[in-house]
Amino acid sequence: MAEAAPARSFGINRTGARIGHLLDSERVFGYVLVAPAVAYIVLLVGYPFAIALWFTVSNSTVAHPISDFTGLRNLQGVLDDDIFRRALLNTFVFTLSSQALQMILGTLLAFLLLRPFRGRRIARALIMLPFTIPVAIGAMAWTWMLNPTYSVINWMGVHAGLFAQGPNWLGEEYPAMFSIILVNVWRNLPFTAIVLTAGISSVPQELIEAASLDGANWWVKWRKVMTPIIAPILYIALLFSLVFTFTDMTVVWLMTRGNPVGATHVIASYAFQTGVIAGSLGRGATMSLFLFPVLLVGAFVILRNLKARTLD
Amino acid sequence: MAVLAHPRVAHSRAYQLRKLRGSILFWAALALFIIFASFPVYWMFVTTFKEVNDLYNLQNNPLLFHLPPTLDQVRYLFERTNFATWVENTGEVGLAVVLITVVVCVPAAYVLARTSFPGSSTLGIGIFLTYLVPPTLLFLPLSQLVAGLGLVNSKWSLALVYPTFTIPFCTWLLMGFFKSVPREITEAARVDGCSRLGAMFRIVLPLSVPGVLTICIFAFTLAMQEYVYALTFVSSSDEKMITLGVVTDLIRGDVFFWGSLMAGALIVSIPVAIVYNLFMDTFVRGITGGALK
């Protein structure tokens, strides 16, 4: 391509020509064009992350962000905090039970949506609604539906004869935890179902028919024929949903603020409470950092998966 | 499947009964899922258009209208809150985010998709993985960074921070679009003396306009519905964006203005829901890094 360069830069001044020539090297071209993206991420993700690490070993507060090294005092303080220990447990309960419910209901829903029927497009659009509206808005709608006085769910429950009065959903420990999980499942179910639908429809029909002819029942077909084929896709989608659920605070913050008395906090919401509302940057950042190992494992597995894919 | 082995059984009564039972089960299950998914939206709708006296009357069946529908709650939202300002802020910040995202993503996605240089695949995956970094890990240090830049309580802090998640997401999506433009076209142009930059601007970009428009839409809607950073960085009402404004400003002390709150919620949800429904497959592809084809 070197021969083409002088002809092209004819009439442009020499510096311009030299830059043009340099840009024509694949390597320089590549680095120059990818640089803004890398710079943005380094400055606004990498650098803040480094600050967060400093916060965890210092006594920074919003009032005094310039601070002294305090070693592991924050970590100790956090681990001694009953509400935090509860939040840590809640985060796992919240994430794992949401994921399990999503998987079971999502598989069921995927098979329903794969069947051809009249009005499938409309049904699909309605079922996707929770995933398509902003999380914060969905959480607010549920908060209103679970309102202690005007709960429409309780009204329906009472009139259907399910209970005499209905629980105070967001005001009591277990109903509140249940509500948070429910809203999270509501929100993420469509995503799981879509991923599963795409996966299942990519399984070659001949394989399923062959299994049928060999006398396999639906469970065997699902376990031995479909699951192995859709596993890689499912795996990566699950990891994403796991990471997002594990680190989310929106639903908890809007619905319960971690109440009653800190019983429904998750790591993220309690870190927000401590770091932003109470202004204790060091403590807050230390709590957030508990999210990091899970992220790291998630990122590592996804990375391996993606690398394998790009090498294909 | 005994049916396949003995075709004549297909006409038996038992078979038809089983088929009927299957289809009843199917429709019942589907109906349950649809109700579960869409009831909250129906509820927003009912709440928005009810008279206050009807909404808070415990004697009434809450699912139905007992007084004629009203626009009072919507009017309250527009006239007595900063709703119009939030819409304006969302437009301004959203546009800034879209601009930054496009300017940064287009070149990055282009080279990552169409050239290979040392470290290019690692860079691509690295950029994608930053999408996994949650706001809850970074909101504390970023709040200090924002303060250092003098952007405390300003909507522009959001325009600065939102590209941290729109860039990874959009770069990855755009790479897919760029990869689908055949290599032969650019190679031919290069042989004819077109520079690398020229090939990008004059040949590949015009062919990828739908892709670029798609990432504009995603960047805007992702920015529009964000909550955690907005809650952390912005506290005064006239700097809020629409989602934060709706879920925080219609609660005064202990009083929730549910009618207007749900009106705002509905107004935010409708455009986003339409966009995401139209681009669902693309969106899922973006989230999963192309794990779904």
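Which helices do the buried residues of H14(B) pack against?

**View 1. Helix H14 of chain B and its surroundings in the predicted model**. In this close-up of a predicted model, the buried residues of H14(B) pack against helix H7 (135-145) and helix H12 (250-255) of chain A, and, within chain B, against helix H5 (83-114), helix H12 (209-225), helix H13 (228-233) and helix H15 (258-278). Helix H14 of chain B spans residues 242-249, and 6 of its 8 residues are buried, so this helix is largely enclosed by the rest of the structure. The buried residues are Ile242(B), Thr243(B), Leu244(B), Gly245(B), Val246(B) and Val247(B).

**View 2. Packing of helix H3 against helix H14 in chain A**. Helix H3 (residues 26-56) and helix H14 (residues 281-289), both of chain A, pack at an angle of about 115°, with their axes 7 Å apart, and the two helices are therefore roughly perpendicular to each other. H3(A) passes H14(A) in a left-handed crossing. To this contact H3(A) brings Ala52(A), Phe55(A) and Thr56(A), while H14(A) brings Leu281(A), Gly282(A), Ala285(A), Thr286(A), Ser288(A) and Leu289(A). Sorted by class, the contact of H3(A) with H14(A) comprises 5 nonpolar and 4 polar residues, with no charged residues.

**View 3. The side of chain A that touches chain B**. The contact takes 86 residues from chain A and 78 residues from chain B. On the side of chain A that touches chain B, the largest share, 19 residues, comes from H3(A). By class, this side of chain A has 68 nonpolar, 12 polar and 6 charged residues.

Notes: Residues numbered from 1 in each chain as written. Chains lettered and ligands numbered in written order. Predicted model: local features only at pLDDT ≥ 70, side-chain atom pairs only at ≥ 80, totals over all residues. Buried ≥ 20, exposed ≤ 12 C-beta atoms within 10 Å, placed from the backbone. Helix = DSSP H or I, 4+ residues; strand = E, 2+ residues; numbered from the N terminus. Contact = placed C-beta atoms within 7 Å. Axes fitted to C-alpha atoms, helices over the stretch in contact; angles between N-to-C directions. Parallel < 35°, antiparallel > 145°, perpendicular 65-115°, else oblique. Left-handed = near helix turned anticlockwise from the far one by under 90°. Nonpolar A, V, L, I, M, F, W, Y, C, P; charged D, E, K, R; others polar.
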